[in-house]
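Colleague: I should like to understand how the terms applied to a model follow from its values. Would you take me through the reasoning?

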Amino acid sequence: MLFKVTGKHKKRGRPSTHNAKKIDECCESGYDFMRQDPDLHRCISEDLDRSDILWVRHFQISYPSTGRTQLIKPNTSNQNYLFGRKIGECIDGVLISPMYNNYIFKISGACDRWGRPHHPGMYKSGRVRVLKQPGTFGYQPWRARRNGSRRRRVVKGCVLDAGTIAVSLVFVKKGDEEIHGVTDRVLPKTHGPKRASKIRKLFNLSALDDVRKYVIKKNVKICGSLVPKGVKIQRLVTPERIRRKQQQIRESMKRVIKRQRDREMYEKRFLDKTTKSSSTTATRLYC
C-alpha cells in the first residue's frame, strides 16, 4: 500500500487536494510516472492495495562477451511481466524494449529502494532476516565484530515483488540487431593475470617463450606524459632466481655438513670423557 488516506480526505473518484500533495511529493522524490498513471490516482483516492504491480526504475544489462554494461530506464511504469519472477530466470527482451528483439536476458540480481539485495536462495517475496557469516551474501566482512561471529541481516527473497526498484540482467542469447555501446564494441582489458603460469595459459605459450613480452599494459599519465605500466609477474623463473636458489641450496648444505661435523666432535668428546671418568672410578675402587 502506497498511501492511506483517512478521515475527511477519503473520497471516491477524483483525488482530493491532500492526495495531490502526496503525488507532488513523490514526483519531487523521483517518481514522475505517478502523474501519468491513472490507476495510481485511483489507488490513492480509493485506498486500494497495489502490491501486485512493479515499478522498476532501472535495468542494468551486461554483456559478458564484450565486458560492457548499460543502464536503461523502462518506458512504462507497470512491469507486470516481472512480477513473480525469480533470480536466475530468463525473460524475453521484447518485454523490456522493442530494440531487444530476439534477445534473451537472465535475471542476475535485484534490489529495493533501500538497497536490500534479493537473496538467490530464498524462495520468498518480501524481507527475510537470515543468519549470515561475515563475507557472505549481504554481510560485508569488515562489519564483523569478532572472528566467527554471525548476525542476522535483512535481505529480500528471490521473488521480485512490488518493492523491487532495480534489476540486473545478463545477455543469454544475442538477437539480430547490434546494441550501440554494448554488443558492437569490445572493452579492452586493463588488468591481466599476474602469475606466469596463467599468462602462459592465456596466450598459449610454451616454457621457452618469454612471458614478460605478453604482459597486458595500460597507459598511465605521469608528469604530463603517458607511460605504459604493467603488473609485476609473480613466480617468474629467471637466471637470477635460479642462481639465488642454487646459492641458498649450497648454504643449506654447508649448514647440514657443519651440524654433522659438530655432532661427531661432541659424541667423540663425550665418549672420551665418559671413558676417562669410568677408568678413574675403577682405579679408586681397586686401590
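Modeller: The questions below concern a predicted model, and the answers set values against definitions.

Colleague: What makes strand 4 and strand 7 a pair?

Modeller: Two strands pair if at least two bridges are found between them. Strand 4 (residues 104–112) and strand 7 (residues 164–173) are joined by 8 bridges, so the pair satisfies the rule. The two strands run antiparallel, and Cys111 stands opposite Ala166 in strand 7.

Colleague: How do you know that strand 1 pairs with strand 7 and with strand 2?

Modeller: The requirement is again at least two bridges. Strand 1 (residues 58–63) has 5 bridges to strand 7, and these strands run parallel. Strand 1 also has 5 bridges to strand 2, with the strands antiparallel. Both pairings therefore qualify. Among the partners, Phe59 is bridged to Val167 in strand 7, while Tyr63 stands opposite Arg68 in strand 2.

Colleague: Why is the pairing of the sheet called mixed?

Modeller: The open sheet holds 5 strands in the order 2-1-7-4-3. Strands of a sheet pair through backbone hydrogen bonds, either parallel or antiparallel. Here strand 1 runs parallel to strand 7, whereas strand 4 runs antiparallel to strand 7. The pairing of the sheet is accordingly described as mixed.

Colleague: What makes strand 2 and strand 3 edge strands?

Modeller: Strand 2 (68–72) and strand 3 (90–92) each have a single partner strand, so one side of each lacks a neighbour in the sheet. On average, neighbouring strands of this sheet are turned by 35° against each other, direction ignored.

Colleague: Why is the contact of Asp112 and Arg116 called a salt bridge?

Modeller: The rule asks for a side-chain nitrogen of Lys or Arg within 4 Å of a carboxyl oxygen of Asp or Glu. For Asp112 and Arg116 the N to O distance is 3.4 Å, so the contact meets the rule. By this rule the count comes to 8 salt bridges.

Colleague: Is Asp112 buried or exposed, and what of Arg116?

Modeller: Buried means under 20% relative accessible area. Asp112 has 3% and is therefore buried. Arg116, at 21%, is partly exposed.

Colleague: How do you know that Asp161 and Lys156 form a salt bridge, and which term describes their accessibility?

Modeller: Their closest N and O atoms are 3.1 Å apart, and the limit is 4 Å, so the term applies. Asp161 has a relative accessible area of 12% and Lys156 has 6%. Both values fall under 20%, so both residues are buried.

Colleague: What places Asp262 and Lys258 about one turn apart?

Modeller: Both lie in helix 5 (residues 239–286), 4 residues apart, about one turn of the helix. Their salt bridge has its closest N and O atoms 3.1 Å apart. Asp262, at 36%, and Lys258, at 49%, are each partly exposed. Elsewhere, salt bridges that share partners join Arg85, Lys86 and Glu89 into one network.

Colleague: Why is Cys223 called exposed, and Asn102 partly exposed?

Modeller: Exposed means over 50% relative accessible area. Cys223 has 83%, so the term exposed applies. Asn102 has 34%, which lies between the cut-offs of 20% and 50%, so Asn102 is partly exposed. Cys223 lies in the loop between strand 8 (217–222) and strand 9 (225–230), and Asn102 in the loop between strand 3 and strand 4. Neither is a glycine, yet phi is positive in Cys223, at about 55°, and in Asn102, near 65°.

Conventions:
Residues numbered from 1 in each chain as written. Predicted model: local features only at pLDDT ≥ 70, side-chain atom pairs only at ≥ 80, totals over all residues. Heavy atoms only, no water. Axes fitted to C-alpha atoms, helices over the stretch in contact; angles between N-to-C directions. Buried < 20%, exposed > 50% of the residue type's maximum accessible area, 1.4 Å probe, protein only.
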